[in-house]
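Please look over the sequence and the model before you begin, and try each task yourself before you read its solution.

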Amino acid sequence: MTREYDPPKVWSQPEDDGSTWAKTNRPVSGATHEKTLPKGKHPLQLHSMGTPNGQKVTIMLEELLALGITDAEYDAYMISIGDGDQFSSGFVEINPNSKIPALLDCSTTPPIRVFESGNILLYLAEKFGRFLPTNIAERTEVLNWLFWLQGSAPYLGGGFGHFYAYAPVKIEYAINRFTMEAKRQLDVLDKQLADNPYIAGDDYSIADMAIWPWYGNLVLGRAYDAAEFIDAASYTHVQRWAKEIAARPAVQRGRIVNRTSDVPGEALAERHSAADIDAVLAQKI
């Protein structure tokens, strides 16, 4: 049991709370340093990191390229959030909230900035006419689950993941509170997938691309080293879905972009062509 915290009348930021992200967290917005972002040759310029939110977008882009949509070619540059890259002046111009991923569509004049991962998926789906139905009822169901993810994932990442894996001390109350919510969310998904092959029905969509990097990686044991703790094997329908999505070639390609890892075949810091990904995946083979 940790000691009880008596909040002061006016909060002030501690010098170092001992957490994983202590050196980059701060209570104000805006740039901390001047830095121009690099720019590649492709229409779409992605500045991101291979977290679950970053994986959503690179999976979407690789799925579009797999369909032969060459206008979806992209350059992906690493934004190291641990080093504070998200607070550069160039990044803040694209996303004033300093969160990855951020996309610049240079196929238009002037370029269009797109931020918030769910909005990027929606933007790309509408731009290229893929992975989002045009039928109003089917479209709404996909968006139901896309926005479910946007509202639910913070409880998984910032709640469960933070207190279970990243917090400097293990706080029983916090872990119990967010474990209960994470398991409730998994139960919601499990019941939905019991009657549907994909999250929003019969067809693979941006809802799957949004949810899989968070909950798929979780039940497959790729997030927080927590699969046993949350009894991931008991969510049989989520397990089936997670494995099927993981087997998609575009998912295997997109999930490694803007990642760092010592494991061969698992990480590609920058992506500028299909050959970049091919070379990394060949290491795994």
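Three exercises with worked solutions follow.

The structure is a predicted model, in which local features need pLDDT of at least 70 and side-chain atom pairs count only at pLDDT 80 or more, while totals for chains, interfaces and linings use all residues. Residues are numbered from 1 along each chain as its sequence is written, and side-chain values use heavy atoms, with hydrogens and water left out.

**Exercise 1.** Find which residues touch the most other members of the largest nonpolar core, and which helix gives the most to this core.

*Solution.* Begin with the term: a nonpolar core is a set of buried Ala, Val, Leu, Ile, Met, Phe, Trp, Tyr and Cys residues joined through side-chain atoms within 4.5 Å, where buried means under 20% relative accessible area, exposed over 50% and partly exposed in between, with a 1.4 Å probe and protein chains only. The largest such core has 68 residues, and those that touch the most other members are Met60, Leu124, Phe160, Ile206, Ile211, Tyr215 and Trp241. Helix 6 (residues 206-219) gives the most to this core, with 10 residues; helices here are DSSP runs of H or I with at least four residues, strands are runs of E with at least two, and both are numbered from the N terminus.

**Exercise 2.** Determine where in the chain Asp278 and Arg253 lie, and what their salt bridge ties together.

*Solution.* A salt bridge is a side-chain nitrogen of Lys or Arg within 4 Å of a carboxyl oxygen of Asp or Glu. For the side chains of Asp278 and Arg253, the distance from N to O is 2.7 Å. Because Asp278 belongs to helix 9 (residues 274-284) and Arg253 to helix 8 (residues 249-254), the pair ties together parts that are 25 residues apart in sequence. As for accessibility, Asp278 is partly exposed at 40%, whereas Arg253 is buried at 18%. Both residues also belong to a network of salt bridges that links Glu62, Glu73, Arg253, Arg271 and Asp278.

**Exercise 3.** Work out which salt bridges involve Glu266, and whether Glu266 is buried or exposed.

*Solution.* One partner is Arg259, with the closest N and O atoms of the pair 3.2 Å apart. Another salt bridge joins the side chains of Glu266 and Lys284, at 2.7 Å from N to O. This second pair links distant parts of the chain, since Lys284 lies in helix 9 and Glu266 in the loop between helix 8 and helix 9, 18 residues apart. Glu266 is buried, with a relative accessible area of 13%, and Arg259 is buried too, while Lys284, at 45%, counts as partly exposed.
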